[in-house]
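Dear colleague,

I am passing on the structure we spoke about, with a short account of what came out of going through it. Please have it open beside this message as you read.

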Amino acid sequence: SKIDQSKELFLQQKKLTQHYTGVYLAHIRNTETYQPEPIGIIDDVACTICGDEDCKDGNDIIFCDTCNVAVHQRCYDVEHVPEGSWLCQPCNHNQPSKYLMCHICGKQGGAFRVGYAQGNSVWVHVLCALVAPNV
């Protein structure tokens with residue numbers, strides 16, 4: 001029924017929110033520089049955003065060809081893996097993430113996107129933007 005489907009969707013969203021909140025809390029308690037897992041064998045690489053290593057149902061882990069940040073397609077909102085090279089937003093703007101500081105948590109490195117705070121564009125970690133209400 002529609003009620004059962006809505007309830008199931010709500011429970012899935014709640015579980016995802018709890019997961020991201022847990023990952024975020026671990027992130028802000030970490031050192032002052034965000035350190036994604038080192039790039040190694042592709043099967044052993046975790047997504048820089050969610051921390052999960054699983055790649056299923058068209059949700060592959062992709063790597064920026066410049067900075068090597070590893071992200072799931074869905075975590076970084078990439079519908080299709082491009083045929084050629086792929087660049088994350090900072091590298092696409094010639095601003096590698098290792099030199100950026102997150103507007104929310106103040107840490108460097110990791111998976112960034114452009115956010116907007118008080119009418120200005122700022123760089124924020126994708127994970128920080130998920131839990132920050134006004135960015």
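To begin towards the end of the chain, alanine 132 lies in the segment that follows helix H3 (126–131). With a relative accessibility of 15%, alanine 132 counts as buried, and its C-alpha is 7.7 Å from that of isoleucine 104, although the two are 28 residues apart in sequence. Please keep in mind throughout that this is a predicted model, and that every value below is computed from it.

Next come the strands S3 and S4. These two run antiparallel and are joined by 6 bridges, one of which pairs valine 114 with tryptophan 123 in S4. Together S3 and S4 form a hairpin with 2 residues between them. Glutamine 118 is placed in that loop, between strand S3 (112–117) and strand S4 (120–125), and its phi is near 50°, which is a positive value in a residue other than glycine. Is glutamine 118 buried or exposed? At 83% relative accessibility, glutamine 118 counts as exposed.

A positive phi is also found at asparagine 68, where the angle is near 70°, again in a residue other than glycine. Asparagine 68 belongs to the loop between strand S1 (61–63) and S2, and with a relative accessible area of 35% this asparagine is partly exposed.

The aromatic residues give a count of 1 aromatic pair. The ring centres of tyrosine 76 and tryptophan 86 are 5.5 Å apart and the ring planes stand at 90°, so the pair is edge-to-face, given that planes over 60 degrees apart fall in that class. Both tyrosine 76 and tryptophan 86 are in the loop between strand S2 (70–72) and helix H2 (89–92), 10 residues apart. Tyrosine 76 is buried, with a relative accessible area of 4%, and tryptophan 86 is buried as well, with a relative accessible area of 12%. Tyrosine 76 has a further partner in arginine 113, whose charged end sits over the tyrosine ring, 4.3 Å from its centre.

The loop between S2 and H2 also holds glutamine 73, which is buried with a relative accessible area of 4%. Which residues does glutamine 73 touch, if those up to four places away in sequence are not counted? On one side of it in the sequence, glutamine 73 touches Gly58, Asn59, Asp60 and Ile62, and on the other it touches Val78, Glu79, His80 and Val81.

Finally, since you may wish to know about the cysteines, the count of disulfides comes to 0. Why is cysteine 75 not counted as bonded to cysteine 50? The sulfur of cysteine 75 is 3.9 Å from that of cysteine 50, which is the closest cysteine sulfur, and this is too far for a bond, because a disulfide requires the two sulfur atoms to be within 2.5 Å. Cysteine 75 is buried, with a relative accessible area of 13%. For cysteine 55 the closest cysteine sulfur is that of cysteine 47, at 8.9 Å, which is likewise too far for a bond, and cysteine 55 counts as partly exposed, at 41% relative accessibility.

With best wishes

Technical notes
Residues numbered from 1 in each chain as written. Predicted model: local features only at pLDDT ≥ 70, side-chain atom pairs only at ≥ 80, totals over all residues. Heavy atoms only, no water. Phe/Tyr/Trp six-rings, centres within 6.5 Å; stacked < 30°, edge-to-face > 60°. Helix = DSSP H or I, 4+ residues; strand = E, 2+ residues; numbered from the N terminus. Buried < 20%, exposed > 50% of the residue type's maximum accessible area, 1.4 Å probe, protein only. Lys NZ or Arg CZ within 6 Å of the ring centre and 35° of its normal. Contact = heavy atoms within 4.5 Å. Pairing = 2+ DSSP bridges.
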